[in-house]
Amino acid sequence: MKRVIQSAINLSTSSPFLVEKIVEEISGLPGLKVADYSSDPDHNRSVVTLIGEEESLEKAVLKIVEIAEKEIDISRHRGEHPRVGAVDVIPFTPWQGVDMEDCKKLAWKVGEKVAERFDVPVYFYGEAALREEHRDLSRIRRGGYELLKEEIDKVPERHPDLGPAKIHPTLGAVVIGARGPLVAFNVNLKTQDLDIAKAIARKLRGETGGLRYVKAIGVSLKSKDMVQVSMNLLDFKKSTIYQAFELVKLEAKRWGVEVKGGEIIGLLPLEALVDVAGFYLGIPELSVEQVLEYHLF
């Protein structure tokens, strides 16, 4: 059985030309597949999803950081999405023939090489966290690049795990981790009132009494004259897509605001889609084994 790991690499850019350049540069690596990539101008963020073996992923990450160092200046970055670096987040997720321990080891190995080669501060998060205060990604990114730049050498909690306690001039900082499958799910609202999106996000977030495994923020989509509730479902089995969507609709109704559809960023497990289909079709026992493609592939 092949050893397969997924990595949804988050970049602080929405330039399609740069993302396509990155994809072109890494696509020829043996044992690697670029499964998906997308950009959002309002978030000023791109996600490149890779699937491959440990060695190929390591080479791909180093190439991506090398390109980002030359092409992205984090000090000039502006966008709705929280970020601390040009190559902001590099997660590793076990997929086939590997487990979480393998992903942790890969995160630490890649982190060492990134810190050494590019002289950039590196933080380990999620299951790869070396310190409890770094386990939660949102704590590392608190206040974004601007606040981290001020506190990185002054506040002990904000010292990096590897590399200098000083922001890199173009890369900023890099956060690398190991985690289970995450579903990035956004819901758009037909209003320009950002306070409404933020209020709904507070109702959804696990840390403020909402769905336990949901992270949520409210952001403005200026290009669409709307606002958005942007979510990460950290465990889609325990905090489901349909629960998150129905709660957004319920809260939006309370504010007298119409929901204008949702979007999935990157890839998601088939099981998550079957779960949604089972809910809306009223088939609670629907399973992935009933999907034809599951047996074909």
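Which helix gives the most to the lining of the second largest pocket? Helix H8 does, with three residues. Keep in mind as you look around that this is a predicted model.

**The second largest pocket**

This pocket holds about 350 Å³ of space. Its lining is made up of Trp95, Leu268, Pro269, Leu270, Glu271, Leu273, Val288, Glu293, Tyr294 and Phe297. Two elements give two or more residues to that lining: helix H8 (270-280) and helix H9 (292-296). By character, the lining residues divide into eight nonpolar and two charged, with no polar ones.

**The enclosed space**

If you search the whole structure for cavities of 30 Å³ or more, you will find one. The largest cavity contains about 50 Å³ of space, and the residues around it are Tyr123, His134, Arg139, Ile140, Leu148, Glu157 and Arg158. Here the lining divides into three nonpolar, one polar and three charged residues.

Here are the two spaces next to each other, together with the residue classes of their linings.

| Space | Volume | Nonpolar | Polar | Charged |
|---|---|---|---|---|
| Second largest pocket | about 350 Å³ | eight nonpolar | no polar | two charged |
| Largest cavity | about 50 Å³ | three nonpolar | one polar | three charged |

**How H1 meets H2**

Now turn to a pair of helices. Helix H1 (residues 16-26) packs with helix H2 (residues 54-71) at an angle of about 145°, and their axes are 10 Å apart. The crossing of H1 past H2 is right-handed. On the H1 side, the contact is made by Leu18, Lys21, Ile22, Glu25 and Ile26, while H2 brings Ala60, Lys63, Ile64, Ile67 and Glu71. Sorted by class, the residues of this contact are six nonpolar and four charged, with no polar ones.

**Salt bridges**

Side chains of opposite charge can pair when their charged atoms come close. The structure holds 28 salt bridges. One of them joins Asp102 and Arg3, whose closest N and O atoms are 3.2 Å apart. What does this pair tie together? Asp102 belongs to helix H3 (residues 100-118) and Arg3 to the segment before strand S1 (4-11), so the salt bridge links parts that are 99 residues apart in sequence.

Conventions:
Residues are numbered from 1 along each chain as its sequence is written. This is a predicted model: local features need pLDDT of at least 70, side-chain atom pairs count only at pLDDT 80 or more; totals for chains, interfaces and linings use all residues. Side-chain values use heavy atoms; hydrogens and water are left out. Axes are lines fitted to C-alpha atoms, for helices over the stretch in contact, and angles run from 0 to 180 degrees between N-to-C directions. Helices (H or I, at least four residues) and strands (E, at least two) are DSSP runs, numbered from the N terminus. A crossing is left-handed if the near helix is turned anticlockwise from the far one by less than a right angle, and right-handed if clockwise. Contact means heavy atoms within 4.5 Å. Ala, Val, Leu, Ile, Met, Phe, Trp, Tyr, Cys and Pro count as nonpolar, Asp, Glu, Lys and Arg as charged, and the others, Gly among them, as polar. On a 1 Å grid over the protein atoms alone, a cavity is a set of points where a 1.4 Å probe fits but cannot get out, and a pocket is an open set with protein on both sides within 12 Å along at least five of seven lines; lining residues have an atom within 4 Å of a point. Grid points are joined across faces, edges and corners, and a volume is the space filled by probe spheres set on the points. A salt bridge is a side-chain nitrogen of Lys or Arg within 4 Å of a carboxyl oxygen of Asp or Glu.
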